[in-house]
Amino acid sequence: MSLPSTVNTSMSVLIVDDEPGMRSFLTKAMSKKFALVETASTITEAEQLRSKGHFDVLIVDIRLPDRSGIEWHEALDDSERQSDIIFMTGYADMDVAIKALRAGASDFIMKPFHLEQMMSAVDRCIEKRLLKRENFMLRRELSHGQSSTIIGSSDAITEVKQVIERVAPTNAVVLIEGESGTGKELVARQLHQLSGRTGPFVPVNCGAIAPELLASELFGHVAGSFTGAKASREGLFSFASDGTIFLDEIGEMPMNMQTALLRVLEQRAIRPVGSEKEVAINVRVIAATNRLLIEEVEKGTFRRDLYYRLNVLNILIPPLRARPEDVVELTHHFTVQISRDLGIKPVLWSHEDLQVLKQHEWTGNIRELKNMIERCILLGKPPAEYWKKDPLPNAPETLGFPLDWTLKDVEKHHVTQVVDAYGGNKSAAARDLGVSRKTLDRKYKDWFGHDDDHEADQALES
């Protein structure tokens, strides 16, 4: 694996050394490798920093004023040993080195050292972290083939779920439209899982395969059909037998392949490249695009007859900015998933953090939200730090509530809004509000005369 020559935008390092000169020296060097570099002069300070965020690499001096670096690391339990650690010392002997390695050190460096020695040790740690993340991503992709859940309870996404439930059991072709990052493949996987089909789900990115190879990839080829075709090979349509083939970015498909696909949809058969015989198939076709295909039809870049053949059933995925009420639920879902996959403890979002996330426009949709959550988890920074904006000149300050409201009115309005944001999940809302579930139930009983139904009076009117 080749290491990045620039700063890794998702990795962080913590340097623990009681010598100011060493901390300054390593900070300057590590800034070329890591997006976040923090320093501490004691184990106590290091623990305070680690409680606020995850660090991929720890560079720790063995002799520190309040505790030995090795003893500190040995005292951590397995769930806390999620960072690669490099020990350094100017007073080591063989026994200390062995003890450090037994404590789980990735490397052990004697002071004074050449910078190249330290950077080599750091590069090895980075390479290991990147490989570990790739493995997690691979396992996550494999798990997607077994399970997929559409997160959200807004009216817009609820309607999408209802359409999926009605359409899934049929064999009809489905066209999924929506902006990039809205979760079109997730919808396709859900359609397949609810279809009852026994074959696999086979995703194909039509824009990622060279045009001259697309026919062979989809339909297969016979030996000798083109240069390099030494043996016959089945295509993805055959591999998807009795299952579903998902043609993502269908708008990128070349015109000649559009003609071939139209014939497949009409004849329910494929012809491998170089073959004179057609092979019958039993495959459900789902297509997706982030373009408006009807506009491509008018431009002449997409076949009109294929468009109408694909658009038998249409599912339009709303952008995230059209359903901000789903942001909180998505945030908690991704926080648990990402923390588990990376092997680190999940963060606890403050109410202010969640409000910042809800108010963002999310032009990159769910993919952007997921990437932001992962960045916040890895670097230990709240989302607001990524979107710092200068206040508008002479902007009036407002408390957001009418001045004649009592404190009880404000509390009632705020609490019910938080509960609604969690889709009525009071346990989750109570955690966000910093109170117990029992306290929340007691407040509801006081406000509404019961503790489990507040739909008749969700918010006060000004």
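In this predicted model, the buried residues of α16 pack against four helices, namely α13 (327-342), α14 (351-359), α17 (426-433) and α18 (437-448). The residues in question are K412, H413, V415, T416, V418, V419 and A421, so a lysine and a histidine sit on that buried list along with the valines. Residues three or four places apart on an α-helix point the same way, because there are 3.6 residues to a turn. As for length, α16 runs over residues 407-421, and at 1.5 Å a residue its 15 residues should span 21 Å; the end C-alpha atoms are indeed 21 Å apart, so the two figures agree. After the helix comes G423, which has a positive phi, near 65 degrees.

Zooming out, the protein has 18 helices and 14 strands. Of its 462 residues, 45% are buried. The accessible surface comes to about 24,500 Å², and carbon and sulfur atoms account for 51% of that. Contacts reach well along the chain: taking those between residues at least 6 apart in sequence, 70% join residues at least 24 apart.

Now for the insides. Nonpolar side chains tend to be buried together in soluble globular proteins. Here the largest nonpolar core holds 32 residues, and the members touching the most others are L218, F237, I245, L247 and I250. Helices and strands both feed into this core: two or more residues come from each of β7 (201-205), α8 (211-219), β10 (244-248), α10 (255-267), β13 (284-289), α11 (293-299) and α12 (304-310). The top contributor is α10, with five residues. F237 gives a good feel for the packing: setting aside neighbours within four places in sequence, F237 is in contact with L218, F219, I245, L261, V264, I270, I281, V283 and V285. There is also a second, separate core, made of 31 residues, with L354, L357, W447 and F448 among them.

How far can the model be trusted, going by the predictor's own confidence? The mean pLDDT is 82, and 86% of residues reach 70 or more. Over residues 389-399, though, pLDDT is below 50, and this stretch has zero contacts in the model beyond near neighbours in sequence. Residues 1-5 also stay under 50, but for them the model has nine contacts beyond four places in sequence.

Technical notes. Residues numbered from 1 in each chain as written. Predicted model: local features only at pLDDT ≥ 70, side-chain atom pairs only at ≥ 80, totals over all residues. Heavy atoms only, no water. Expected span 1.5 Å × (residues − 1). Buried < 20%, exposed > 50% of the residue type's maximum accessible area, 1.4 Å probe, protein only. Contact = heavy atoms within 4.5 Å. pLDDT = per-residue confidence, 0-100. Core = buried A, V, L, I, M, F, W, Y, C linked by side-chain atoms within 4.5 Å. Areas by Shrake-Rupley, 256 points an atom, 1.4 Å probe, with all protein chains shown as cover.
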